Amino acid sequence: AGRVLGVSVKTPEQAAAALAAGADYLGAGAVFPTATKETDTISAETLAAICAAVPIPVVAIGGITAANAGIAVDAGCSGVAVVSALFDQPDVAIASRAVLAAVTQRLEARKKAAPPPSTNS
C-alpha cells in the first residue's frame with residue numbers, strides 16, 4: 001500500500017514475471033527507435049502479446065510520437081510515455097496536446113468497438 005510499482009519489459013514472459021512480482025503497471029518498449037537511450041525495439045506484435053499476457057495497464061515507451069501513438073493503443077496499451085515527442089519540439093504544450101489527442105482518439109475508438117459486457121449470470 002502507498003506505492004505504485006512499474007516494471008520495464010520487452011517480452012510477454014517478462015510481463016508475466018513482473019505481474020507475479022507485484023507490478024502495478026508495465027512500461028513496454030522501446031516500441032520505436034529513440035535517441036533517448038540505446039536499446040533494442042520490440043514489434044507491434046510483441047507489444048500486443050505483452051498487453052494480452054497481463055491484466056494490468058501497459059504503457060508503451062520509446063520513440064512514441066503523436067503520429068505513431070495509435071499503434072501502441074491499437075496493440076492494447078492503456079497509454080504511452082513520451083520524452084522526445086515533447087522536448088524535441090518548439091512548443092511542448094502543443095506537442096503534449098497532439099499526443100494526448102492521438103491516444104484519446106484511439107482509446108475511444110477501442111471502447112466503442114468493444115463488445116458490450118455480458119449480462120448472463
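# A Guided Reading of the Chain

Visitor: What makes strand S2 mostly covered?

Guide: Of the 5 residues of S2, 4 are buried. A residue is called buried when its relative accessible area is under 20%, exposed when it is over 50%, and partly exposed in between, with a 1.4 Å probe and protein chains only. Strands, like helices, are DSSP runs numbered from the N terminus: E over at least two residues for a strand, H or I over at least four for a helix.

Visitor: On what kind of model do these statements rest?

Guide: This is a predicted model, in which local features need pLDDT of at least 70 and side-chain atom pairs count only at pLDDT 80 or more, while totals for chains, interfaces and linings use all residues. Residues are numbered from 1 along each chain as its sequence is written, and side-chain values use heavy atoms, with hydrogens and water left out.

Visitor: How many helices and strands does the chain have, and in which pattern do they follow one another?

Guide: The chain has 5 helices and 4 strands. Along the sequence they give the pattern β-α-β-α-β-α-β-α-α.

Visitor: Why is the chain called as compact as a globular protein of its length?

Guide: The globule rule, 2.2 Å times the number of residues to the power 0.38, is set against a radius of gyration taken over C-alpha atoms. For 121 residues the rule gives 14 Å and the chain has 15 Å, which is close, so the chain is as compact as a globular protein of that length. The C-alpha trace spans about 55 × 35 × 30 Å along its principal axes, and 30% of the 121 residues count as buried.

Visitor: In what order do the strands of the sheet lie, and which are its edge strands?

Guide: The order is S1-S2-S3-S4, in an open sheet with parallel pairing. Strand S1 (6-9) and strand S4 (79-81) are the edge strands, since each pairs on one side only. Between neighbouring strands the average turn is 30°, direction ignored. For such angles, axes are lines fitted to C-alpha atoms, for helices over the stretch in contact, and values run from 0 to 180 degrees between N-to-C directions.

Visitor: How do you know that S1 pairs with S2, S2 with S3, and S3 with S4?

Guide: Two strands pair if DSSP finds at least two bridges between them. S1 and S2 share 4 bridges, S2 and S3 share 4, and S3 (residues 58-61) is joined to S4 by 3. Each of these values meets the requirement of at least two, and therefore each counts as a pairing. Individual partners can be located as well: Ser-8 stands opposite Gly-27 in S2, Ala-28 opposite Ala-60 in S3, and Ile-61 has Ala-81 in S4 as its bridge partner.

Visitor: Where do helices H1 and H2 lie with respect to the strands?

Guide: Helix H1 (residues 12-20) packs on the sheet, touching S1 and strand S2 (25-29), and its direction makes about 160° with that of S1. Contact means heavy atoms within 4.5 Å. Helix H2 (residues 44-53) lies across S1, S2 and S3, at about 160° to S3.

Visitor: What makes a β-α-β unit, such as that of S1, H1 and S2, right-handed?

Guide: With the strands pointing away from the viewer, the path from the first strand over the helix to the second runs clockwise. S1, H1 and S2 make a right-handed unit, and S2, H2 and S3 make another right-handed one.

Visitor: Why is Asn-68 called buried, and which residues does it touch?

Guide: The relative accessible area of Asn-68 is 12%, below the limit already given, so Asn-68 is buried. Its place is in the loop between S3 and helix H3 (69-74). Not counting residues up to four places away in sequence, Asn-68 touches Phe-32 and Gly-63.

Visitor: Are Ala-95 and Ala-101 buried or partly exposed?

Guide: Ala-95, in helix H5, has a relative accessible area of 11% and is therefore buried. Beyond its neighbours within four places in sequence, Ala-95 is in contact with Ala-85, Leu-86 and Gln-89. Ala-101 is found in helix H5 (residues 92-113); its value is 44%, so Ala-101 is partly exposed.

Visitor: What kind of peptide bond joins Gly-29 and Ala-30?

Guide: The bond is cis, with omega about 15°. Most peptide bonds are trans. Ala-30 lies in the loop between S2 and H2.
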